[in-house]
Amino acid sequence: MSTKARQQRTLFPQFIPERIRRHVQISRSRIWKQKTSLDVLVSPSKPLLSSFEEAESMQFSRVTEGSVFAEAGWNTVWFYMELPELPELPEFTELTEEAAYLLWEVNGESTIFYQGEPWCGLDTAHRWARIPAGARELYIRCSSYETGIWMHEGENRVPEPAAEGYQFYHASAALRDTLQWNIYNDLLLLEEYLRYELEKLELTSPAVGKHKKLEYLPVGLRKLLHKTDLALDTYDLGDIHECSRQLQELLKTKETSEFLNSPNGSLSLIGNSHLDLVWLWPEKATREKNIHTCSTILRLMEEYPDMSFTMSQPWLLDALETDAPSLYRQIQERIDEQRWELTGGMYVEADTLIPCGEALARACVIGQRVFQRETGELCPTLWLPDVFGYSQSLPQIASAAGIRNFYTTKLLWSSVQSFPFTSFVWQSMDGSELLCHLSQVGYESRASVEDLKHCSEANKQAALHDDAILAMGFGDGGGGLTDEQCERAKRISGLLDLPAASWQRADQFFSRLSEVRHQLPRYRGELYLEYHRGTYTTKHAMKQAYRRAEKALQMAEAAAAFTGNSENIREQSELQSKLQSELQSELMPLWKELVFSQFHDALPGSSIALVYEEMIPQLQDIAERAKKAAAELLSNEGSRTVLFNPNGIDGTWLIHLDSTQISTMNRETGKSKEKNTVPIQ
């Protein structure tokens, strides 16, 4: 382009944003090359978690583009495809130019299996996956249920399932052009940043119609427009290497040492996938989602060696050890490398208002045992981003379990008052404390420019500590990080007034925050959420079954403690000693089941009906098993009737006996207490 033409164009910078948007589309269309459509076969529907060994023996038939392969329900199908000959490509540690990918357009939630093991997830947010080196065939397990992986309006997503069921659209194998991929991600961030800044200045223009003149513009923004425009000139002239170089210069990342000294604040990027254990799906679907999500993250870790990931519910790791041992072993390796962080404190992200104190303590104890098993240490952070309120006893219970920190986001949902702090110290009434951080953008950020700016600028304690947590990755239905989000993370710190950003672990963030702990504000009492309040008066049957199971387990624990103390009984029969040992070994699995039911969508009542159809009988069974075990232990071979008070409170009681039950009455008030029935042998 001539110098004169370029000088003339600088008179009309209002057209540059539209030009950048167009080149985002152009570069996206050129990412995939040598694209080859695949012939895909499909199996009949099978139950969730059907195995690879079952898939190998299934009868497959060809599936056509646009056809419905499964009705909505709690089932899966298997797809099978042979891959075309692709150039031999180096492993990702040596990758410099391009890699082979499977492009997948299906509106179900899918997991690739290679050589019998889960390889990588595919879904509406994860549209492609790297093909394993040397692979000549792939199996894909695909589920037909609500994914819960939400895409924003306008994002490049697969269509929602049709009324008649889940559809197969297209499958291809292709090579990814690394240069075009980098240019696309550079332009995507630049376009979004410019659009955000121009909207803030009320200087955006329509695609068609009169464009607003950019006569007054911050100098940095004007330079950015001009330099991006020059880079696009080289792109249009065919010199994409020079274009890429110029764009990289625009987005040149700050040195790591500047992370905590940036004039625009800093963000700790936490790789995250908030997976609801039961919500719009039952537990068996969660197990599928767990495999789908973890396999995806493991593949991304191979491609992005700086990326780290935070897993917040130990139950998921326990489930993975059973459902996908190969993934479990890979995660253990990443834990040892300090790249896969286990956090959360509790076994699941539990409701904190309905369970009694002992049950919340059990949630912490069971969770901490997993952390000790996997890391050799106690977890320092209670991670509860999505629960519906926070009991004032949490600092007391959590600190007794070795927890020092607390993270959440849900207080942002309050409908009347805004919580006044971002980082603070939370106290229980006994003086126990937790160091706390309230995220300002929620638990599934895409690291959009708006999120990045808001997370930093809304940090109310930034004058003391300018670092804030931004949890990245698709959540609710799992899925986690995408490669586009990982690419975004590499570019954030280099763009004008965006905050500096770096992959971090939660424990690293809180370690730095603790240095200014003595200067942070203090808050005492309940953290009340002005939202979801109706959940605490719904699903009566669930709450009743939970409370009965909770009380029965406490009674069984009391019986085991009583009979195990030689001062309480003069002699212990051989049978009673055996029963006590069996009871103690039986109670931990029952407590685990009970703690799972504390999950913040299950116990409050916001899950689908199927969850309660499965969970209420389980809780009823826990109660019966716990009461039966306690009664057998206390009856001492049935040779005598035993009266036992399982509560931690002394009292004087008038006892009425008949041939079938024991009832209690308060001598002082004359009012009947709840009946505790045990068989009289």
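# Briefing: fold, cavity and selected residues

Of the chain's 681 residues, 56% count as buried. The model is predicted. The chain holds 17 helices and 24 strands. A search of the whole structure turns up two cavities of 30 Å³ or more. The disulfide count is zero.

**Chain overview**

- The accessible surface of the chain is about 30300 Å². Carbon and sulfur atoms account for 48% of that surface.
- Take the contacts between residues at least 6 apart in sequence: 78% of them join residues at least 24 apart.

**Second largest cavity**

- The second largest cavity has a volume of about 110 Å³.
- Two elements each give two or more residues to its lining: helix 7 (283–303) and strand 14 (309–311).
- The lining of this cavity includes Ser273, His274 and Leu275. Asn290, Thr293 and Cys294 also line the cavity. Phe309, Thr310 and Met311 are further lining residues. Ser312, Gln313 and Leu316 complete the list.
- By class, the lining has seven polar and five nonpolar residues. Charged residues are absent from the lining.

**Cysteines**

- No pair of cysteine sulfur atoms meets the 2.5 Å cut-off, so the disulfide count is zero.
- Cysteine 364 is in no disulfide. The nearest cysteine sulfur to it belongs to cysteine 379, 9.6 Å away. That separation is not within 2.5 Å, so the two cysteines do not count as a disulfide.
- Cysteine 364 has a relative accessibility of 1%, so it counts as buried.
- Cysteine 455 also counts as buried, because its relative accessibility is 1%.

**Glutamine 427**

- Glutamine 427 lies in strand 18, which covers residues 423–427.
- Is glutamine 427 buried or exposed? Its relative accessible area is 17%, so glutamine 427 is buried. The cut-off for buried is under 20%.
- Which residues does glutamine 427 contact, leaving aside its neighbours within four places in sequence? The contacts are Pro395, Ser432, Glu433, Arg522, Tyr523, Arg524 and Gly525.

Terms used. Residues numbered from 1 in each chain as written. Predicted model: local features only at pLDDT ≥ 70, side-chain atom pairs only at ≥ 80, totals over all residues. Heavy atoms only, no water. 1 Å grid on protein atoms, 1.4 Å probe; cavity = no way out; pocket = protein on both sides within 12 Å on 5 of 7 lines; lining within 4 Å. Points joined across faces, edges and corners; volume = space filled by probe spheres on them. Helix = DSSP H or I, 4+ residues; strand = E, 2+ residues; numbered from the N terminus. Nonpolar A, V, L, I, M, F, W, Y, C, P; charged D, E, K, R; others polar. Buried < 20%, exposed > 50% of the residue type's maximum accessible area, 1.4 Å probe, protein only. Contact = heavy atoms within 4.5 Å. Areas by Shrake-Rupley, 256 points an atom, 1.4 Å probe, with all protein chains shown as cover.
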